[in-house]
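User: I have a model open and would like to go through it with you piece by piece. Could you start with whatever comes up and let me steer from there?

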Amino acid sequence: MGTFIKTFILTLIICFGYLIYVFIGKESYSPTLTLNEETINQTVATKQHEKLPSKVKICMIDSNNKPIIVKREANENSLEYALKELMKGSTRTERLQGAYTEIPVGTKLLSFKDDGAKIAINLSKEFEGGGGAQSVQARLLQLVRTVNLYKENLPVYLYVEGKKVEYLGGEGIYVEQPLNEASFGF
């Protein structure tokens, strides 16, 4: 029985010591957090570099084929990004607000070049499909007006699948290049 009592007392001492460590030992240790100027500056710099949502502007048309400027939430605000958004067509919300597109579904921006003196836009073959004269004029207007929102008065050259466009649409409408808004009659 002596061994049992010695083991029991030793177990009590270990448990009591552990309880003291857990409840008193950890409670007494409370480090103070002090921010130095370097930490504060790093925090401010990090917040400044976080990308905040911006708005990208694109040209849609109303039910009378008149241009409407639409703003969308975007990760960046650049002409190339705006052209990619334009190719996506109008959103459900934009359509409910009366903004539409004549750009054919499935059209993709294949490449974009801005050398400072002119803009070259290369679109997928879907862009040239279907539509009469009014549809072709409206889609070209959407394209040029979107460019002018970012790079006003630069000549715009249109390519489809890498070939400079001469005729466009189901009726084979002649396209004079460089493109400009005045030639669309809007």
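**Salt bridges and the fold around them**

Analyst: Asp115 is partly exposed, with a relative accessible area of 41%. Its side chain meets that of Lys118 in a salt bridge, at 2.8 Å from N to O, and Lys118 also counts as partly exposed, at 37% relative accessibility. Please keep in mind that this is a predicted model.

User: Which residues are joined into one network by salt bridges that share partners?

Analyst: Arg72, Glu85, Lys88 and Glu94 are joined in that way. Within this network, Arg72 forms a salt bridge with Glu94, and their closest N and O atoms are 2.8 Å apart. Arg72 lies in strand S2 and Glu94 in helix H4, which covers residues 92–96, so the pair ties together parts that are 22 residues apart in sequence.

User: Are Arg72 and Glu94 buried or exposed?

Analyst: Arg72 is buried, because its relative accessible area is 8% and the cut-off for buried is under 20%. Glu94 is buried as well, with a relative accessible area of 7%.

User: How many salt bridges does the structure hold?

Analyst: The structure holds 7 salt bridges. One of them links Glu73 with Lys55, where the closest N and O atoms are 2.9 Å apart. Glu73 sits in strand S2 and Lys55 in strand S1, so this pair ties together parts that are 18 residues apart in sequence. Lys55 is partly exposed, with a relative accessible area of 42%.

User: OK, and how do S1 and S2 run, parallel or antiparallel?

Analyst: Strand S1 (residues 54–61) and strand S2 (residues 67–74) run antiparallel, and 8 bridges join them. Ile61 has Pro67 in S2 as its bridge partner. The hairpin that these two strands make has 5 residues between the strands, and Asn65 takes a positive phi near 60° there.

User: Changing topic: which residues have the most contacts inside the largest nonpolar core?

Analyst: That core has 31 residues, and those with the most contacts inside it are Ile121, Phe127, Leu143 and Leu158. The elements that give two or more residues to the core are S1, S2, helix H3 (79–87), strand S4 (119–123), helix H5 (133–150) and strand S5 (156–160). The largest share, 6 residues, comes from H3.

User: What is Ile121 in contact with, leaving aside its neighbours within four places in sequence?

Analyst: The contacts of Ile121, with those neighbours left aside, include Leu83, Leu109, Phe112, Leu143, Val147, Val156 and Leu158. Ser111, Tyr157 and Tyr159 are also among them.

User: Zooming out, what is the order of elements along the chain?

Analyst: From the N terminus on, the order is α-α-β-β-α-α-β-β-α-β-β-β-β, with 5 helices and 8 strands in the protein chain. Of its 186 residues, 30% count as buried. Among contacts with a separation of 6 or more, 57% are between residues 24 or more positions apart.

User: Where is the pLDDT below 50?

Analyst: The protein chain averages a pLDDT of 82, and 76% of the residues score at least 70. Over residues 27–33, however, the pLDDT is below 50, and beyond near neighbours in sequence this stretch has 0 contacts in the model. Where pLDDT is low, the predicted coordinates should not be read in detail.

User: Last one: what share of the exposed area do carbon and sulfur atoms supply?

Analyst: Carbon and sulfur atoms supply 55% of the area that the protein chain exposes, which is about 12400 Å².

Notes: Residues numbered from 1 in each chain as written. Predicted model: local features only at pLDDT ≥ 70, side-chain atom pairs only at ≥ 80, totals over all residues. Heavy atoms only, no water. Pairing = 2+ DSSP bridges. Helix = DSSP H or I, 4+ residues; strand = E, 2+ residues; numbered from the N terminus. Core = buried A, V, L, I, M, F, W, Y, C linked by side-chain atoms within 4.5 Å. Buried < 20%, exposed > 50% of the residue type's maximum accessible area, 1.4 Å probe, protein only. Contact = heavy atoms within 4.5 Å. Areas by Shrake-Rupley, 256 points an atom, 1.4 Å probe, with all protein chains shown as cover. pLDDT = per-residue confidence, 0-100. Salt bridge = Lys/Arg side-chain N within 4 Å of Asp/Glu carboxyl O.
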